[in-house]
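Here are my notes on the model, set out as numbered points for you to read alongside the coordinates.

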Amino acid sequence: MSGTYLGMPAFPKAAHEAVHNATLRGNLRHATHTIRGKRAKAVAEMSDWAELREAGKLIKDHTLRHLDRYLVQLEESVTAAGGTVHWAVDADEANRIVADLVKATGETEVVKVKSMATQEIGLNEALEAEGIHAYETDLAELIVQLGKDRPSHILVPAIHRNRGEIRDIFAREMSEWGRPAPEGLTDTPAELAEAARLHLREKFLRAKVGVSGANFMVAETGTLVVVESEGNGRMCLTLPETLISVVGIEKIVPTWQDLEVFLQTLPRSSTAERMNPYTSTWTGTTDSATADGPSVFHLVLIDNGRTDTLADEVGRQALRCIRCSACLNVCPVYERAGGHAYGSVYPGPIGAILSPQLRGTASEVDASLPYASSLCGACYEVCPVAIDIPEVLVHLRERVVQGGPVTEKGNKVVLKPAKGHAAERAAMRAARWAFSHPGALRTGQRLASRSRRLHPRTLPGPGRAWSATRDLPTVPAEPFRDWWQRTNGGKGMSK
């Protein structure tokens, strides 16, 4: 992934600062509780939700197993429809391709549809370095861009902002980017939306180049799909003469019949809607100057760590993700820490397993992300494609602590254990030895029971961080084995 978030502190430090921001916590609590409550009602309407969830999982797993074949089929279909396909191994190559394509048109401005992939690779910054201005047209992304901020949620990037803050950003920054905010702008939703509409309309009408992502790509026809709620996506996809779509290779589905499953599960899991207000599909280019849609279409397929992730038998399930954000809205850690603490464009539970696989665990922030969870399992329960996020978190924690073989840039390498986990590794080795020597385990249990009055209330050394916010469990007066033997398995106890 790009270096956009390099320099961010590890999750514990960033989260420690975030939880002391009362405004941030209030914004997050209100938004996440509202969204997840509406989602629960929308999902409850579907009597076959469990079957749809399983179908989505199976479709994604099948596609990932045969990804090479479906990607070739997609390229053939897009090319036959008049489009051009480009392959990018990493963020730098993808940014270079897009910048060259824009410069070839002679334009210096592009309008963008909300896209996680372009945020992942740092496309806006790369285009700016080439003298090209990229304008976000999604309302929340516009707020983030005008505020010189970073997105903190997959679905609602400005979830950490309240209406008063948004009004101040519009009043202060809009004039620097184009049409200024109306005089006397208030913080009512209707006025804020109208200010954004007026600001963006002139950009839509003069833009010659659009940049998008895609929620799905249909291999059999080469069709790309964007679902959204504001209509800005429809404008970006139909008005510009040139459209450049930047999409991760995992967003592919084999057929339209497969797409039907996700067009049911995605809107209910994300915006709690029965269907998205705008579902835009496009296949290749248009022939007529009067027809809707681009006359030039480029598809940039990015790997950027996805093939390496696919090589991990446990971690690859993260590539099923359809970016619905349901896991963020139920996560107690995200609700308190917010999205910026994750140091990645992908926050929350899915970010805690996706970012360390796409970027590796060499940096301090990526090595800390698998620990950004209580392992409560709420994320798995709401995931519409059944990603077992707790399983992957534990798997990645093992990788951080113990190291071991992984795939990096297509090559098998052996990771060294991360620094700062020596005590944990020593404790696990001691536990393994004790559990493999029953006599020593029995003796240790008896000593612990007999000396229980002398036990400290907090752990010393590195363990102090754990016990500072948790009560140490009380050691029982008698080990379980001794109790079992004395009572004959409980049969000798008086009733």
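1. Please keep in mind that this is a predicted model. In helix α2, the buried residues are Leu24, Asn27, Leu28, Ala31, Thr32, Ile35, Arg39, Ala42 and Val43. An α-helix has 3.6 residues a turn, so residues three or four places apart point the same way.

2. The length of the helix can be checked as well: α2 runs over residues 22-44, and because its 23 residues should span 33 Å at 1.5 Å a residue, the 33 Å between its end C-alpha atoms agrees with expectation. At the N-terminal end, Asn21 acts as a cap of α2, with a side-chain oxygen placed 3.2 Å from the backbone nitrogen of Thr23.

3. On aromatic contacts, a search of the whole structure returns eight pairs. One of them joins Trp483 and Trp484, whose rings are 6.2 Å apart centre to centre and tilted, with 55° between the planes. Trp483 is partly exposed at a relative accessible area of 24%, and Trp484 is also partly exposed, with 45% relative accessibility. Elsewhere, Phe11, Tyr334 and Tyr342 make up one aromatic cluster.

4. Charged groups also meet rings: the charged end of Lys60 sits over the ring of Phe262, 5.7 Å from its centre, while the charged end of Arg69 sits over the ring of Tyr70, 4.7 Å from its centre.

5. As for annotation, an unreviewed UniProt entry assigns residues 396-487 to the domain "Lactate utilization protein B C-terminal". In the model, this span is 50% helix and 11% strand, and its end C-alpha atoms lie 42 Å apart.

Conventions: Residues are numbered from 1 along each chain as its sequence is written. This is a predicted model: local features need pLDDT of at least 70, side-chain atom pairs count only at pLDDT 80 or more; totals for chains, interfaces and linings use all residues. Side-chain values use heavy atoms; hydrogens and water are left out. UniProt positions are given in the numbering used here, feature names are shortened, and annotations may be inferred rather than shown by experiment. Helices (H or I, at least four residues) and strands (E, at least two) are DSSP runs, numbered from the N terminus. The expected span of a helix is 1.5 Å times one less than its number of residues. Buried means under 20% relative accessible area, exposed over 50%, partly exposed in between (1.4 Å probe, protein chains only). A polar contact is a pair of N or O atoms within 3.5 Å; within protein, one must be able to donate a hydrogen and the other to accept it, and residues adjacent in sequence count only if both atoms are side-chain atoms. Rings of Phe, Tyr and Trp (its six-membered ring) pair if their centres lie within 6.5 Å; planes under 30 degrees apart count as stacked, over 60 as edge-to-face and the rest as tilted. A charge sits over a ring if NZ of Lys or CZ of Arg is within 6 Å of the ring centre and within 35 degrees of the ring normal.
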